[in-house]
Amino acid sequence: MATLARLQARSTTVAHQYYYRNSVVDVFRKKENDAAVKIQSWFRGCQVRAYIRYLHRVATIIQKRWRGYLGRQHYQLIVKLAYYTMKMNLYNAMAVRIQRRWRGYKIRKYCFNYFYLKEYLKAVSETNDAVRKALEEFAEIKEREEKKADLEREEKKRDYQARKMHYLLSTKQIPGIYNSPFRKDPDPWELRLQQAKPLTHRRPKVKPKHSVSLSSWLACTSARSFPRSGILPPIDRKRCQGPFRDVSEVWEQRYKPLEPTLRVAEPMDGLNEARAQLQRQEWTRNVNDNMFLPFSSYHKNKKYIPTMHLSSKYGPDAYGSQHFRDENPKKWICDKDFQTVLPSFDLFSKYGKLYSKAGQIV
């Protein structure tokens, strides 16, 4: 019990000493931690800087080797270029020397050779004399041919003149003007008139002005409008005087075939035929017969929901049937058929007479 009492009396001092010793230990622990961190950071920095210096040395070695290789390659290229340049300069110098020797030889032998030049000029003069002689002969031949052609033209002209003046030939009863009794010998024209034949003038063939033949426009006429008959040969006589037109032109205008008007040419049920043809084309152009089924099988289980403008209180439109626009009279509001509008027919009926008159006038 005494020991317990002593311990209880000393408990406050023990607590103070414990607290004091723990606080001192924490202060020294922080200092030691900071010192260890500083030592480690310094050592690591030295280690990293040493490694970086090592990398720099290695990179310097690699760059030095690579730059040395590039320098040697560039030097070899410069040496090759210098070698080829020297070779080309040598070849050019040799070519210039060869050309100089050849040109000198050619000038001395051909250009400034007196005997060769004398022979050349002699040959040129002989060739010129031969060409000049040939040209003179050719000129004489052309002159003779021209004179002969002139004489032939004069002879033809005199023959034509003699044929035109054949009526001045002398007869047994009446002497002509070229056979005067007061002359000793007849004129040469008298002999030419005796040898010439009288000139006769041919009538020129008259060609029709209009190239339209009767058969071309009679082929489109009917037997009732104008009877067909064989075309008679043209009569060789003079044309009648006066402002008369050609017979074929008058007949073509008189018996002109009838031209149907626009109202007659246009069918009454043209709009219905066009609609039926459009329905047939749309039916043949469909890619899928059932238009509202998907092309793939991915959405085959989903139900098709029609849009608002394709469905009404009378049911959806009759798409996918045999015809693209099939009419169902059972779904009509009234039993009366719908009346189709033909604007083109109304226009034709209104202006048909005017078109027909205009076509007849034209």
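A residue counts as buried when its relative accessible area is under 20%. By this cut-off Ser170, at 17% relative accessibility, is buried in the structure described here, which is a predicted model.

The protein contains 8 helices and 0 strands. Read along the sequence, the order of elements is therefore α-α-α-α-α-α-α-α. Of the 362 residues in the protein, 6% are buried. The accessible surface amounts to about 34900 Å², and carbon and sulfur atoms account for 59% of this area. When contacts between residues at least 6 apart in sequence are considered, 62% of them join residues at least 24 apart.

Helix 1 covers residues 2-111 and has 110 residues. At 1.5 Å a residue, a span of 164 Å is expected for this helix, and the C-alpha atoms at its ends lie 157 Å apart, so the two values agree. Helix 1 also has a bend of about 45°, located at Arg10.

The segment following helix 2 was examined residue by residue. Ser170 lies in the loop that runs between helix 2 (114-164) and helix 3 (188-195). Two polar partners of the Ser170 side chain were identified. One is the backbone nitrogen of Gly176, reached at 2.6 Å. Another is the side chain of Glu190, with which the Ser170 side chain makes a polar contact at 3.0 Å. With residues up to four places away in sequence left out, Ser170 touches Pro175, Gly176, Asn179 and Glu190.

Glu190 itself belongs to helix 3. The relative accessible area of Glu190 is 2%, which is under the 20% cut-off, and Glu190 is therefore buried. Beyond its neighbours within four places in sequence, Glu190 is in contact with Leu169, Ser170, Tyr178 and Asn179. Asn179 thus appears among the contacts of Ser170 as well as among those of Glu190.

His166 is placed in the loop between helix 2 and helix 3. The side chain of His166 reaches the backbone oxygen of Ala196 at 3.3 Å. Apart from neighbours within four places in sequence, the residues in contact with His166 are Leu193, Ala196, Lys197 and Pro198. His166 and Pro198 are 32 residues apart along the chain, yet their C-alpha atoms are separated by 5.5 Å.

In soluble globular proteins, nonpolar side chains tend to be buried together. The largest nonpolar core of this model has 6 residues, namely Ala162, Met165, Leu168, Tyr178, Leu193 and Ala196. Within this group, Leu168 was followed further: outside its neighbours within four places in sequence, Leu168 is in contact with Gly176, Ile177, Tyr178 and Leu193. Tyr178 and Leu193 are themselves members of the core. Other residues described above also touch core members: Glu190 is in contact with Tyr178, and His166 is in contact with Leu193 and Ala196.

Conventions:
Residues numbered from 1 in each chain as written. Predicted model: local features only at pLDDT ≥ 70, side-chain atom pairs only at ≥ 80, totals over all residues. Heavy atoms only, no water. Core = buried A, V, L, I, M, F, W, Y, C linked by side-chain atoms within 4.5 Å. Buried < 20%, exposed > 50% of the residue type's maximum accessible area, 1.4 Å probe, protein only. Contact = heavy atoms within 4.5 Å. Helix = DSSP H or I, 4+ residues; strand = E, 2+ residues; numbered from the N terminus. Areas by Shrake-Rupley, 256 points an atom, 1.4 Å probe, with all protein chains shown as cover. Polar contact = N/O pair within 3.5 Å; in protein donor to acceptor, adjacent residues only side chain to side chain. Expected span 1.5 Å × (residues − 1). Bend = angle between axes of the 7 residues up to and from the residue.
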